[in-house]
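This report describes the fold of one protein chain for a reader at the bench. The sequence and the structure come before the description.

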Amino acid sequence: MSIESLKSLFRPELEELSAYRVPPAPPAVKLDANESPFSLPPDARARLASAMHATEIHRYPDGRASELRKTLAWGLGGSEDEYVLGSGSDELIALLATAMSTPRAGADRPVVVFPEPTFVMYGMTSRAHGWEPVGVPLDGEWNLDAEAMAAAIERTEPNLVYYATPNNPTGNCFSRETIESLVDRFPDTLHVIDEAYGAYSGQSFATLCEERPQCALLGTLSKVGFAGMRIGWVRLDEALSVELEKVRQPFNLNTASQVVATLALTDLAPLLEEHITTIVAERERVSAELGRHAALECFPSDANFVLVRYTGDVPELCSALLGRQIAVRQFSHADPRLRSCIRITIGTPEENQRLIEALGDILG
Ligand SMILES: Cc1ncc(COP(=O)(O)O)c(C=O)c1O
């Protein structure tokens, strides 16, 4: 069989997609991926090491991740059975696309609606699973356009609607009233509220989800210090989580991730809170400093990053920063409104100072 005939067996949707790529050699100051900039101090590492020492890694992981589910329910509310766990929340986005893919009566494909610009994986994952993605432009202040969202949901009858709040890459929280009114108006769609950056906004939709089965909450530890461990979850009504569990690989969350996540949510929680407080204070400092440059406009942020509009040549600015060992995120292929923007993750105070000085140098 030729390579061409083998390639013809791949889903046609993959033709339009490219694999998610990350730069191979990170520079000294890495402000491009919305990670926490803080590595764990020695005592926290020792705590993790001793917890790992007690594990039996020649055995498969606990397929139910019982300890971690208990901890999530204790810390974030709800019952253990409402949580479905994944290797990062990316995996939960894929599991939802796999499990909830029955098209509406008369439609040939299931539909997912999300505001744009937003987290790219909602669109990429749904495409790769044969869904029809429907993006609804955010308004001029990066807020939800309530009427356009309602019209798109009414017209396309999506199986899923995603709202990342705070939103990536714009950084702002969406209006609670708008989300609540869409959730109430369209009870036959699953509304997934992605709180990946919720720790930095201090806002949560947990109570809304407790009262409404058409609402799910997506969470992750990636943005608060554990990106390398790949730990995410979705909390949804038990009648739905039972179905989602059926498509989850039984050992998707490895033993080390389960141990680390449980500690992160218990013993290490005060340390994470300290880091979050520092990042929120630094976010305000960085925004104020960058705002001094006439060529830069910082959009208000509730997350651990800021979106900045630049009146000059964005690729040139990014390579000048990279020349000083500072990586930030640019958006060459995305929403045209983003082409004049860069996204800067908030680093440690020292890293932020390097960024501020480098921009001072470059922009004068
Ligand atoms: C809004 C949003 N949701 C989910 C994710 C994925 O996070 P995870 O590392 O848990 O897969 C990201 C990562 O950038 C994100 O920005």
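Helices (H or I, at least four residues) and strands (E, at least two) are DSSP runs, numbered from the N terminus. Residues are numbered from 1 along each chain as its sequence is written. The model is predicted: local features need pLDDT of at least 70, side-chain atom pairs count only at pLDDT 80 or more, and totals for chains, interfaces and linings use all residues.

**Domains**

The protein chain is split into domain 1 (22-40 + 270-363) and domain 2 (57-265); such bounds come from an automatic or database domain assignment. Their C-alpha centres are 26 Å apart. The contact involves 22 residues of domain 1 and 19 residues of domain 2, where two residues are in contact if their C-beta atoms, placed from the backbone, lie within 7 Å. On the side of domain 1 that touches domain 2, α12 and β10 each supply at least two residues. The largest share of that side, five residues, is from α12.

**The seven-stranded sheet**

Two strands pair if DSSP finds at least two bridges between them. An open sheet of seven strands follows the order β2-β8-β7-β6-β5-β3-β4, and its pairing is mixed. At the edges stand β2 (83-86) and β4, each with a single partner strand, so one side of each has no neighbour in the sheet. From one strand to the next the twist averages 20 degrees; axes are lines fitted to C-alpha atoms, for helices over the stretch in contact, and angles run from 0 to 180 degrees between N-to-C directions.

Strands β3 (residues 111-116) and β4 (residues 132-137) run parallel and are joined by six bridges, with Val-111 opposite Glu-132 in β4. Strand β3 also pairs in the parallel sense with β5 (residues 160-164), over two bridges, and Val-113 has Val-161 of β5 as its bridge partner.

**Loops with unusual backbone values**

| Residue or bond | Value | Location |
|---|---|---|
| Glu-116 to Pro-117, cis | omega about 5 degrees | Pro-117: loop between β3 and α5 |
| Asn-168 to Pro-169, cis | omega near 15 degrees | Pro-169: loop between β5 and α7 (176-185) |
| Glu-157, positive phi | about 45 degrees | loop between α6 (146-156) and β5 |
| Arg-230, positive phi | near 55 degrees | loop between β7 (215-220) and β8 (232-235) |

A residue is buried if 20 or more other C-beta atoms lie within 10 Å of its own, exposed if 12 or fewer, and partly exposed in between, with C-beta atoms placed from the backbone. Glu-157 is partly exposed, with 17 other C-beta atoms within 10 Å, whereas Arg-230 is buried, with 21.

**The four-stranded sheet and α13**

A second open sheet, of four strands, has the order β9-β10-β13-β12 and antiparallel pairing. Its edge strands are β9 (296-298) and β12, each with a single partner strand, so one side of each is left without a neighbour in the sheet. Two bridges join the antiparallel strands β12 and β13; Arg-329 has Arg-343 in β13 as its bridge partner. Helix α12 (residues 269-290) lies across β9 and β10, at about 10 degrees to β10.

In helix α13 (residues 314-323), Val-314, Leu-317 and Leu-321 are buried. Seen down the axis of α13, these buried residues fall within an arc of 65 degrees, so they line one face of the helix; the arc is that of the directions from the helix axis to the C-beta atoms. Their cover includes β10 (305-310), β13 (341-345) and α14 (349-363). Pro-315, Glu-316, Ser-319 and Gly-323, on the other side of α13, are exposed. Just after α13, Gln-325 has a positive phi of about 65 degrees.
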